[in-house]
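Thanks for asking me to look this over. Here are my notes, point by point.

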Amino acid sequence: MHLPDYKEARSRSKKKYNRIDFKIDNSIEKKYVGKKYYLKTYGCQMNEHDSENISAMLEAMGFVRADDYNDADLVLLNTCSIRENAHNKAFGMLGRLKHLKGQKKDLIIGLCGCMAQEAKVCEEILNKYKYVNFVFGTHNIYQLPEIVDRAVSSSKQQIEVYSREGDLVEGLPVVRDKNYKAFVNIIYGCDKFCTYCIVPYTRGRERSRKKEDIIEEVKSLVSDGYKEVTLLGQNVNAYGKDLYDDYDMGDLLEDIAKLNIPRIRFMTSHPWDFTDKMIEVIAKYPNIMPSVHLPVQSGSSRILKLMGRRYTRESYLELFHKIKDIIPNVSVSTDIIVGFPGEEEEDFLETLSLVNECKFDNAFTFIFSEREGTPACRLKDNTTLKEKEDRLYRLNDVVNKYFLENNKKLEGKTVKVLVEGVSDKKDMYFGYSDTNKLINFTCEKEVNCGDIVDVQITSAKTWSLDGKCK
Ligand code: SF4
């Protein structure tokens, strides 16, 4: 049994990390033919992509996917620990599974992902959730086949969570959710240690994949007819720093753009590492989508310092305007936290004034949520929840106004949309524009998921636009 340890998870050494090539043991391959699995994913795109790897490993063992957890022989929760709400949802699901296990004694229940990296969660599972058969962390996903196999044959809980800085595993199988857009990991982990964030502890140090491996993966997606690739990492802009002296995210973006995949996106960017070269490359290649997610978190330099964000309000605004000036028709989205410990009304007003200056195309806004083990937990917080809710309400009013204002500018214009499916609204398709806006549209001719079509915008709403196919 290996339990997580935050002290170890925080350490960063100069030591080279191990590169591991995944291989499933012959004795486990197809051992579980006839059994079904149900996988529930919480959280970000990194987790969604991990789940694509997890599904593929389970399917290599012989499991087939069940659409309903009541039909499954194995239920696995791939969890997120970024906010309290995500925690509560996973524990709520474990409660429902207890009931199911009462009826199905052979049911195997597992938990993985970021929550598994938290010592408190593992202790709780050991003490209060004894019916959970196995837990593994983000650093040893590749061990899933052996851990599941042990959990099936043993009555003991299998808890295998490592806190070391992390290895880099190549060759993990993948079952992609869609056959026209794909996630490709380019870097794992984060070394930024923003004071409110649990990710550097749960995902380990920054480990870039070799450029050759990434390029090969994208080449094979191109030859399989994929239309869009999203380059993934907790902080993609740090790509290459741990591996190369003369090759960075700007170079990688340029090399991927030359592979001629129609659409390239990347998530998530820390403003600190956003270079001029990246901006030039995005502006130069039409297949790199003009859509940048640039989390600001606060408009107050004092709060940004407390958050450990390594930039000021002024340097963020300088970068923001550079991006807007150089990349034609770019849309910029952001993340904002209100009610960080120590945030006064004046700090919040600075956030509002920054929003009024940037007029973001989209913004994910949150009330600060304390994550145990992070430095922000030790900061004094005199603001009441009611005040924080009031700030969130006022912030949302302003951001929503700009979403609508920006969308209105597209009325009458034609945008290219990657079709994703049939909309909830009857007789409409939906998809995303190059600037990552949700478009619902009618079309007289038949279109398929993965087609890129011209849509004329007929009306704009706050969070989406309506149009008709040309
Ligand atoms: S850069 Fe992002 S992932 Fe890394 S510590 Fe900061 S908020 Fe967390």
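What span should the 24 residues of helix α13 cover at 1.5 Å a residue, and how far apart are its end C-alpha atoms?

1. Keep in mind that this is a predicted model. For helix α13 (residues 385-408), the expected span is 34 Å, and the end C-alpha atoms sit 34 Å apart, so the two agree.

2. On the buried side of α13 you'll find Leu 392, Leu 395, Val 398, Val 399, Tyr 402 and Phe 403, among others, and the list also includes Lys 388 and Arg 391. The buried residues of this helix pack against strands β15 (331-338), β16 (362-367), β20 (452-460) and β21 (465-469), plus helix α12 (345-358).

3. Now the charges. The structure has 33 salt bridges. One of them pairs Glu 228 with Arg 265, with 3.3 Å between the closest N and O atoms. Glu 228 belongs to strand β12 (residues 228-232) and Arg 265 to strand β13 (residues 263-267), so this pair ties together parts 37 residues apart in sequence. Both residues are buried. Shared partners also link Lys 181, Glu 228, Arg 263, Arg 265 and Glu 420 into one network of salt bridges.

4. Glu 217 and Arg 209 make another salt bridge, at 2.8 Å between the closest N and O atoms. Glu 217 counts as buried because its relative accessible area is 18%, under the 20% cut-off. Arg 209 is buried too, at 6%.

5. Buried or exposed for the next pair? Glu 124 and Lys 128 meet through their side chains in a salt bridge (3.9 Å, N to O). Glu 124 is partly exposed at 23% relative accessibility, while Lys 128 is exposed at 59%.

Methods: Residues are numbered from 1 along each chain as its sequence is written. This is a predicted model: local features need pLDDT of at least 70, side-chain atom pairs count only at pLDDT 80 or more; totals for chains, interfaces and linings use all residues. Side-chain values use heavy atoms; hydrogens and water are left out. Helices (H or I, at least four residues) and strands (E, at least two) are DSSP runs, numbered from the N terminus. The expected span of a helix is 1.5 Å times one less than its number of residues. Buried means under 20% relative accessible area, exposed over 50%, partly exposed in between (1.4 Å probe, protein chains only). Contact means heavy atoms within 4.5 Å. A salt bridge is a side-chain nitrogen of Lys or Arg within 4 Å of a carboxyl oxygen of Asp or Glu.
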